[in-house]
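Student: I'm new to this structure and would love a close look at one part of it. Could you take me through the pocket and then show me what surrounds it?

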Amino acid sequence: MNKGELVDAVAEKARVTKKEADAVLTAALEAIMEAVSEGKKVTLVGFGSFESRERKAREGRNPKTGEKMEIPETKVPAFSAGKLFKEKVAS
């Protein structure tokens, strides 16, 4: 499902126009990305949690040359599914 299909599904379930559903979905996604980028955790009960996690520096290899290289520490976005979401997928 892409964003357009999700907007259609939200518009149908919420009985609003596609334009309104798109605006709300876009605003929600932007708010989640903004909060996570600021180091905050966003929890949607039953759905899951979004947060940023530290990925430690590590040693890797250049796939072309096989040469060892240092991969620097970085922050990455992470999602953990909530209990209801996990149960829905499992059934």
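Tutor: Let's begin with the lining of the largest pocket, to which helix 2, strand 2 (48-55) and strand 5 (74-81) each supply at least two residues. Please keep in mind that this is a predicted model. Helix 2 gives the most to this lining, with 6 residues. The space inside the largest pocket comes to about 320 Å³. Its lining counts 14 residues, and those closest to the centre are Leu 29, Ile 32, Leu 44, Phe 47 and Phe 50. What kinds of residues make up the lining of the largest pocket, in terms of nonpolar, polar and charged? There are 13 nonpolar residues and 1 charged residue, with no polar ones. As for how such a space is found at all, rolling a probe the size of a water molecule over the atoms shows where empty space is left.

Now let's follow the strands. Strand 2 and strand 5, which both contribute to the pocket lining, also belong to an open sheet of 3 strands, with the order 1-2-5 and antiparallel pairing. At the edges sit strand 1 (42-44) and strand 5, each of which pairs on one side only. From one strand to the next, the twist averages 30°. As a general point, strands of a sheet pair through backbone hydrogen bonds, either parallel or antiparallel.

You can walk through this sheet one pairing at a time. Strand 1 and strand 2 run antiparallel to each other and are paired over 3 bridges. Within that pairing, Thr 43 stands opposite Ser 49 of strand 2, while Leu 44 has Gly 48 in strand 2 as its bridge partner. Leu 44 should sound familiar, since it was named among the lining residues closest to the centre of the largest pocket. Strand 1 and strand 2 form a hairpin with 3 residues between the strands, and there Gly 46 takes a positive phi near 90°. On to the other pairing: strand 2 is joined to strand 5 by 8 bridges, and these two strands also run antiparallel. One place to find this pairing is Arg 55, whose bridge partner in strand 5 is Thr 74.

There is another hairpin to visit. Strand 3 (residues 58-61) and strand 4 (residues 68-71) run antiparallel and are joined by 4 bridges. Glu 59 stands opposite Glu 70 in strand 4. This hairpin has 6 residues between its strands, and Gly 66 in the turn has a positive phi of about 80°. Strand 3 also holds Arg 58, which counts as partly exposed at 38% relative accessibility.

Let's return to helix 2, the element that gives the most to the pocket lining, and look at its charged side chains. The whole structure contains 5 salt bridges. One of them joins Lys 3 to Asp 22, with the closest N and O atoms 3.6 Å apart. Why does this pair tie together separate parts of the chain? Lys 3 lies in helix 1 (residues 3-14) and Asp 22 in helix 2 (residues 18-37), so the salt bridge links parts that are 19 residues apart in sequence. Both partners are partly exposed: Lys 3 has a relative accessible area of 39%, and Asp 22 has one of 32%.

A salt bridge also forms between the side chains of Lys 18 and Asp 8, at 3.5 Å from N to O. Here Lys 18 belongs to helix 2 and Asp 8 to helix 1, so this pair ties together parts that are 10 residues apart in sequence. Are these two residues buried, partly exposed or exposed? Lys 18 counts as exposed, at 51% relative accessibility, because the cut-off for exposed is over 50%. Asp 8 counts as partly exposed, at 34%.

One more salt bridge is worth finding: the side chains of Lys 40 and Glu 38 meet at 3.3 Å, N to O. Lys 40 is partly exposed, with 49% relative accessibility. From Lys 40 you can also look across to Arg 58, a residue of strand 3. These two residues are 18 residues apart along the chain, and their C-alpha atoms are separated by 25 Å.

Terms used:
Residues are numbered from 1 along each chain as its sequence is written. This is a predicted model: local features need pLDDT of at least 70, side-chain atom pairs count only at pLDDT 80 or more; totals for chains, interfaces and linings use all residues. Side-chain values use heavy atoms; hydrogens and water are left out. A salt bridge is a side-chain nitrogen of Lys or Arg within 4 Å of a carboxyl oxygen of Asp or Glu. Buried means under 20% relative accessible area, exposed over 50%, partly exposed in between (1.4 Å probe, protein chains only). On a 1 Å grid over the protein atoms alone, a cavity is a set of points where a 1.4 Å probe fits but cannot get out, and a pocket is an open set with protein on both sides within 12 Å along at least five of seven lines; lining residues have an atom within 4 Å of a point. Grid points are joined across faces, edges and corners, and a volume is the space filled by probe spheres set on the points. Ala, Val, Leu, Ile, Met, Phe, Trp, Tyr, Cys and Pro count as nonpolar, Asp, Glu, Lys and Arg as charged, and the others, Gly among them, as polar. Two strands pair if DSSP finds at least two bridges between them. Axes are lines fitted to C-alpha atoms, for helices over the stretch in contact, and angles run from 0 to 180 degrees between N-to-C directions.
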